[in-house]
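Welcome, and thanks for taking a look at this one with us. Please open the sequence and the 3D view side by side, and we will walk through a few charged pairs and one pocket.

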Amino acid sequence: MLERIIYGRMGGLRLVMMLAVGALVLIGLMTIRDSGHLAESNRQMIFLGVGLATFAAVNLVHYRWLGQISYFLFGLTLVLLVLVLVGKYLGIRELVPAIRGACRWIYVIPTVDASRVQPSELAKLTYIAALAWYLRQRSHYRNLSGLIAPFALTMLPMALILLEPDLGTVMLFLPVLFAMLFVAGARVKHLLTIILVGLGMCPLFYLKMEPYQRERIEVLLRQNDDNPYWLRGPGYQLRQSKIYIATGGVAGKTEETSTFVKYRPLPDRHNDFIFALISHQWGLVGVILLLILYGLVLTAAVEIASTQVDPFGRLLAIGIATLLAAQMFINVGMTMGIMPVTGMTLPFVSYGGSGLVSNFIAVGLLFNVARHRPHRLARHAFEFDIPLQ
């Protein structure tokens, strides 16, 4: 009877998480359409269908089987990231399109925009799976030398993605690494060492940034500068975003009550800056609803991780939870002027096929971990390995 109650609670968590994800997607579709991007809204519906298909596909097999091939999947995404750079530096635009000076996508079908895939979105998930599979062994994180491999595993995709360039995605890896090491049981002094090394590498990453990326960091520091160059040039997007958020009021604005809704002076309002548009059109009520929905998703993810005794399953769940939380925080933060403006989308809400599909894969993995929780009445110690059951 107790076991039935426990599993019922887990089933309820999955239901709550799926309802919250569905509500986030619906808010995104409505906002994209309201932003004046009708074609993008229709394409997002197609991406949603693909995302649901991948969600189902991820749940066809046991998550530990995915762990067994995680190194292969991670290596495959690294190859795709290298192909993106090859296409970029050789100028092969039939393979790798250049959009606003960045080469982050690769064509599945040459020159067909609908077939564009962003390998960095997949790399985030295969990285988490590979790292979780590695950290399931205690010898891989309880001593400092054992942390060299996880750190190298993290730096490799970060370096490749930074060269595209894609600063936003790069910013997600270190929080995920830290959270997974912490949950695995790494020593505090070793975690502090990783933080110091990460901070020490910031100047190196800054030197590798493109000039416009450095300018975005400068915009963050000079966002209140009255210089017309900053207000109308590099700082224009952030300034408009903050105006959108500040003028939304409690219940939001409509086209009749706001010139911002009518004339839409905010660039990227349907993807990177969609939170600012939601704040303006839905007001404080909409923002609170949005944050509650994210809170439900993240709470369910952490609960799934905390009730899982399999080290790989627990680490996989906490890695995905950290990824979604960091992405949400960075996106919201950059629209408010507390984080650098980067190409970071809002999970499940912003326009984008690769991002939406990867988010559904992430939720699918969480469901997979929850469904295959070992049949035990009491939680065991954090074990080294558990065979398929």
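## A pair within helix H5

Let's begin in helix H5, which covers residues 119-135 and holds both Glu121 and Lys124. The two are 3 residues apart, or about one turn of the helix. Their side chains meet in a salt bridge, with an N to O distance of 2.8 Å. Are these two residues buried or exposed? Both Glu121 and Lys124 turn out to be buried. Please keep in mind throughout that this is a predicted model.

## A pair within helix H2

Helix H2 (residues 38-58) offers a second pair, Glu40 and Arg43, again with a spacing of 3 residues, about one turn of the helix. Here the side chains form a salt bridge at 3.7 Å, N to O.

How do the two partners sit with respect to the surface? Glu40 has a relative accessibility of 17%, so it counts as buried, the cut-off for that class being under 20%. Arg43 has a relative accessible area of 35% and is therefore partly exposed, since that class lies between 20% and 50%.

## A link between distant parts of the chain

The next salt bridge joins Arg64 to Asp310, and the closest N and O atoms are 2.8 Å apart. Which parts of the chain does this pair link? Arg64 belongs to helix H3 (residues 63-68), while Asp310 is in the loop between helix H13 (274-306) and helix H14 (311-336). The partners are 246 residues apart, so-called distant parts of the chain. Arg64 and Asp310 are both buried.

With this pair, the count of salt bridges comes to 3. As a general reminder, side chains of opposite charge can pair when their charged atoms come close.

## The second largest pocket

Now for some empty space: the second largest pocket holds about 580 Å³. Helix H7 (167-184), helix H8 (188-208) and helix H9 (211-221) are the elements that each give two or more residues to its lining. Of the elements, H8 gives the most, with 7 residues.

In total, 19 residues line this pocket. Those nearest its centre are Met171, Leu174, Gly198, Leu199 and Cys202. What classes of residue make up the lining? There are 18 nonpolar residues and 1 polar residue, and no charged residues appear in the lining of the second largest pocket.

How values were computed:
Residues numbered from 1 in each chain as written. Predicted model: local features only at pLDDT ≥ 70, side-chain atom pairs only at ≥ 80, totals over all residues. Heavy atoms only, no water. 1 Å grid on protein atoms, 1.4 Å probe; cavity = no way out; pocket = protein on both sides within 12 Å on 5 of 7 lines; lining within 4 Å. Points joined across faces, edges and corners; volume = space filled by probe spheres on them. Helix = DSSP H or I, 4+ residues; strand = E, 2+ residues; numbered from the N terminus. Nonpolar A, V, L, I, M, F, W, Y, C, P; charged D, E, K, R; others polar. Salt bridge = Lys/Arg side-chain N within 4 Å of Asp/Glu carboxyl O. Buried < 20%, exposed > 50% of the residue type's maximum accessible area, 1.4 Å probe, protein only.
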